[in-house]
Each structure stands twice: as structure tokens, then as C-alpha cells.
Amino acid sequence: MKIFGLTGWSGSGKTSLIVRLIPALTGRGLRVSTVKHAHKGFDIDHPGKDSHNHRLAGATEVLVSSPKRWALMHELRDGDPELTLEELLTKVAPVDLLLIEGFKRQPHEKIEVWRAEVGKPLIAPDDPTIVAVVSDGPVPDCPVPVLDLNDAEAVAAFVVERCGLGR
């Protein structure tokens, strides 16, 4: 399984790019999954649902299954550390390409999504794991190739070539 990341400052368009990149990659016959890091807490469950009640009652894990999907929720209790990226990768079924959003300090190769209007500095000059920058405009003094943020097909082609997934 190949792993490739997207990183950048909040508001730069990482998620929007991934949502356009996935169909460009699956359209090439690749099986793609994603891992997204959320800095704040999140919840995929809803009050009043049986699974939510199971969690509130103290279940460490709740697995919900239906004919269309399944989800496993694991509660971290007080003092439990957040899983590392390496630990999370053991939870994902093998696919051709796993896209990682966030986890900017991890050693996998990444594309930086950068837009001048966000007002934050470019990360690429100080991070050797960033192999390209995707932007909606010029990127001054960029040490790596710059791709068009609005051309998901070109970004997909770059990722496929970089990961050796050409078919």
C-alpha cells in the first residue's frame, strides 16, 4: 500500500483538493482510502441512537454495521494517548493508495496545499518530505514543483507517478 500526504495551513483547501483528487485517482482504477487528522474532538455518532447509548453506557468499542457500510468507534478514556499514525495504519484495510490529510510532522511524502490569501508562510522550504506545492497562484521562491490547485487530474498524475502506481 502506497502512502501519500496532503498538508498545509488551515483554510488552504486540503479537503477540497482531496475530494476532487479521489475521483481522479479511482478513475485510473486505483483503490483509494483516506486518513484525516482532526486536531479537535469529533463525533460521528448521534444522541438518541443505540450506538451512542452503548458508548454513553461505557462501551470501549461500538461497531455498527449495515448492508451499505460499517464503522468501528473506539473511545479513548482519560489518560489514553491518541494513536500514532503508524498505529492508525494498522486499522486500515490495504488499498492501492492511502491519502493522509494532516499529520504534517510525519515522514511520508506530501504535497503542500498553499494559497497566498491564507496569509501563512510556505512550509516546503523547511520540510524535505514536501515534494510539490499545489496552489491557485504563483508561489515565490518555491524549492519544489508547483501544480495548479484547480487541476485535480494533473495533481493525480503527479501522485500516481511519484508513488509508482502507473497502470
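In this predicted model, the charged end of Lys104 sits over the ring of Trp9, with 4.7 Å to the ring centre. Lys120 does much the same thing: its charged end also lies over the Trp9 ring, 5.2 Å from the centre. So much for charges over rings; what about rings with rings? How many aromatic pairs are there? The count comes to zero.

Stepping back to the overall layout, the protein chain is built from four helices and eight strands. Read from the N terminus, these elements follow the order β-α-β-α-β-β-α-β-β-β-β-α, so the chain opens with a strand and ends with a helix. The C-alpha trace spans about 55 × 35 × 25 Å along its principal axes. Of the 167 residues in the chain, 38% count as buried. The exposed surface of the protein chain comes to about 10,200 Å², and carbon and sulfur atoms supply 54% of that area. As for contacts between residues at least 6 apart in sequence, 53% of them link residues at least 24 apart.

Arg115 is worth a separate look. This residue belongs to the loop between β6 (110-114) and β7 (130-135). Is Arg115 buried or exposed? With a relative accessible area of 18%, Arg115 counts as buried, because the cut-off for that class is under 20%. The side chain of Arg115 reaches back to the N-terminal part of the sequence, where the backbone oxygen of Gly11 lies at 2.8 Å. Setting aside neighbours within four places in sequence, the residues in contact with Arg115 are Gly11, Ser12, Ser135, Asp136 and Leu149. Gly11 thus turns up twice, as the residue whose backbone oxygen the Arg115 side chain reaches and as one of the contacts of Arg115.

Then there are the cysteines. The structure holds zero disulfides. Cys142 is in no disulfide, and the nearest cysteine sulfur, which belongs to Cys163, is 18 Å away. Why does Cys163 not bond to Cys142? The two sulfurs are 18 Å apart, which is too far for a bond, because a disulfide needs the sulfur atoms within 2.5 Å. In terms of exposure, Cys142 has 21% relative accessibility and counts as partly exposed, whereas Cys163, at 8%, counts as buried.

Note on methods. Residues are numbered from 1 along each chain as its sequence is written. This is a predicted model: local features need pLDDT of at least 70, side-chain atom pairs count only at pLDDT 80 or more; totals for chains, interfaces and linings use all residues. Side-chain values use heavy atoms; hydrogens and water are left out. Helices (H or I, at least four residues) and strands (E, at least two) are DSSP runs, numbered from the N terminus. Buried means under 20% relative accessible area, exposed over 50%, partly exposed in between (1.4 Å probe, protein chains only). A polar contact is a pair of N or O atoms within 3.5 Å; within protein, one must be able to donate a hydrogen and the other to accept it, and residues adjacent in sequence count only if both atoms are side-chain atoms. Contact means heavy atoms within 4.5 Å. Rings of Phe, Tyr and Trp (its six-membered ring) pair if their centres lie within 6.5 Å; planes under 30 degrees apart count as stacked, over 60 as edge-to-face and the rest as tilted. A charge sits over a ring if NZ of Lys or CZ of Arg is within 6 Å of the ring centre and within 35 degrees of the ring normal. Accessible areas come from the Shrake-Rupley method with a 1.4 Å probe; for residues, only the protein chains shown count as cover.
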